[in-house]
Amino acid sequence: MRCAVQSWFEYPLEMLCWIIFIPLYSFGGLLLLKVISTQFSEIGGWTFHGLAFFYGLGIVTHGLHVIFFFAVWHTNYMVLNGEFDRILLYPMNPFFMFIIQSFNIAGYIDITPGIIIFTYACLKLNLDWNAVAILKLIAVLIGGTLIRTGIFMIAGAIGFFRDTRNAVTNFMVDFLAYNTTAFPLNIYPYGIQVILTFLIPVGFINTYPAQDFMGMDNTFSIPINLSLCTLLVGIAFFLLAYGFFRFGLKHYKSTGS
Amino acid sequence: MSIIKAVHLRKRFIVKKKEPGLKGALKGIFAPKKIIINALDDVSFSMKKGEIIGLIGPNGAGKSTTIKILTGILQPLSGEVEVMGLNPQKKRAEVVSRIGVVFGQRSQLYWDIRLGESFELFRRIYRIPDEEYNANLELMDSLLGIRRLIDIPVRQLSLGQRMRGEIVSAVLHSPDILFLDEPTIGLDIQAKRNIRKFIREINQKKKTTIILTTHDLGDVQELCPRLVVINKGKIIEDGALDAIVHRLAPERILQIDTDKVKKDFTYPHCKMIKCEENKMWISFNRENVSASKLIAALSAEVRINDLQVKEPDIEDAIEQIYGEG
């Protein structure tokens, strides 16, 4: 982990670029929501501050995901280059080694605007932060991070079976993980909502938890508490993805040398 | 009791054959032509503790695949593997904690940070006790002069220095078996010599079992009493280096310097292979011709100024093997 941090500081210019552009991107998204909500007064029952809460939560989980699990973005690249050879030679859990090797300090750049937006929304919304709410928030953050990671893991692990290039899968997955969490799910048609809830559970990253905190209704009238749901779905989805990753690793082909 | 045992190993790779050009690329998408390559085709061998073997063969013969199966990276299609009595695919973590692996073409060091930092990392990953770690580092310093390199970022090391770093990082945890996949590739003579010396020493001092793959026959000649030759996924030779060389390249060559050559010289079981103005080369097999008798017969017909007998070397033997394959 320390090694990853030190590697990062070897390239200060690159770091500077990220520091400038990632927050710009995040705040840009917020600005878009502001424009939309002032133009249309409200969309799908969301106020601007509700949207900011929702959007901030999405960025914070994204930030946690890229801090702790950035490695999964490179799975197929590493497969194509035979990099798993090295990981498989360590006497440790290969997934753990895989994750720990690219611990990503740059994730702090992703997460900071998210925290700012989220805190701003919380202040404006006057939410009651009792113990239950805090526990719920922790559950939601863990669950959301695991769901995001699971999506990238599954997409990446396809590389064990077929030769794929990162650019293609990451574009698809980024579209899924980023764009579908930039607007609340309930503005989409019903069919898409079904897919993004039950097949690829991105709805649980921020739409449903935000609805729970806001006391709003959800499309599917899910009976369990939505924040708790996020944690459970997150764990289940992550375990599923992990199983797929391990299965893929058994099919690892390495490269010629 | 063998420390490594491989029985009837098979491994297949499916390769998509691509045709040239845009048309070929399109065809490759819709109707890919798949070819099955038998990377390993019934490979069996075993090793005793403390042995050094040279695993050689042309590119794509299956050397690296064999190593990757023995180290648990790849799953064999069929067959059995035992490394220190354990199956490296099922007990991967246990096996890899007791082996060291160096892939000459791939680095296991961290590119951007100082070499010593990578060593520290391995110390933690393998949970090496301080005493053992320091003793090993000390030994490595005496063999490979590693302390001078420890504060340099890996990307600034020369290839030879980096290879020394790679090797040290593979033996810090005192492995029982060391897999060296082309450790001397691209190195200059001095660096090669250092690495060979290291291999010999660690084999003698720590009784480390060593599997070495290489294209450098000098490595094999200096280090490996036993040779396993693999080609097209099959083991085609396994035995003592001398015996293999002798069997595959039994011909010795007698070179004669003389004032006047005799072009039509014949002797039973011998062959004139070349004849120049004042030099003759005659090949003979030491099984049925004695060099002294041949020389005696020659000196009766020409005046010998100088002579030398060239023993077959490993290059001839290997050429013979690869040619057949």
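Me: A salt bridge is a side-chain nitrogen of Lys or Arg within 4 Å of a carboxyl oxygen of Asp or Glu; how many salt bridges does the count between chain A and chain B give?

Reply: This is a predicted model, in which local features need pLDDT of at least 70 and side-chain atom pairs pLDDT 80 or more, while totals for chains, interfaces and linings use all residues. Residues are numbered from 1 along each chain, chains are lettered from A and ligands numbered from 1 as written, and side-chain values use heavy atoms without hydrogens or water. Over all chains the rule finds 25 salt bridges, and between chain A and chain B the count is 2.

Me: Which residue of chain B meets the side chain of Asp85(A) in a salt bridge?

Reply: The contact (heavy atoms within 4.5 Å) takes 26 residues from chain A and 30 residues from chain B. Within the pair in question, nitrogen and oxygen lie 3.6 Å apart, and the partner that Asp85(A) meets is Lys68(B).

Me: Which elements of chain A give two or more residues to the side that touches chain B?

Reply: Helices, here DSSP runs of H or I with at least four residues, and strands, runs of E with at least two, are numbered from the N terminus; chain A has 12 helices and 0 strands. Among these helices, the elements that give two or more residues to the side touching chain B are α1 (2-9), α5 (84-88) and α6 (94-101).

Me: Where does Tyr252(A) lie, and which residues of chain B does it touch?

Reply: Tyr252(A) follows α12 (226-250) of chain A and is buried at a relative accessible area of 1%, where buried means under 20%, exposed over 50% and partly exposed in between, for a 1.4 Å probe and protein chains only. The side chain of Tyr252(A) reaches the backbone nitrogen of Phe84(A) at 3.3 Å. Leaving out residues up to four places away in sequence, Tyr252(A) touches residues of chain A including Asp85(A) and Leu88(A), and on the side of chain B it touches Ile73(B) and Leu74(B).

Me: Is Thr207(A) buried or exposed?

Reply: Thr207(A) is found in helix α11 (residues 207-214) of chain A. Apart from neighbours within four places in sequence, Thr207(A) is in contact with Trp46(A), Phe54(A), Pro184(A) and Leu185(A). Because the relative accessibility is 1%, Thr207(A) counts as buried.

Me: What percentage of the contacts in chain A with a separation of 6 or more come from residues 24 or more positions apart?

Reply: The C-alpha atoms of chain A fill a box of roughly 60 × 40 × 35 Å along the principal axes, and 54% of the 257 residues count as buried. Among contacts with a separation of 6 or more, residues 24 or more positions apart account for 77%.

Me: Which residue forms a salt bridge with Arg196(B) at 2.9 Å between the closest N and O atoms?

Reply: Arg196(B) belongs to helix α7 (residues 189-206) of chain B, and the pair links distant parts of the chain, its members being 26 residues apart. Arg196(B) counts as buried at 10% relative accessibility, whereas its partner is partly exposed at 40%. The partner, in helix α8 (residues 217-223) of chain B, is Glu222(B).

Me: Which residue meets the side chain of Lys205(B) in a salt bridge?

Reply: Both partners lie in helix α7 of chain B, 4 residues apart, about one turn of the helix. Lys205(B) counts as exposed at 54% relative accessibility, while its partner is partly exposed at 23%. With nitrogen and oxygen 2.9 Å apart, the residue that meets Lys205(B) is Glu201(B).

Terms used
A polar contact is a pair of N or O atoms within 3.5 Å; within protein, one must be able to donate a hydrogen and the other to accept it, and residues adjacent in sequence count only if both atoms are side-chain atoms.
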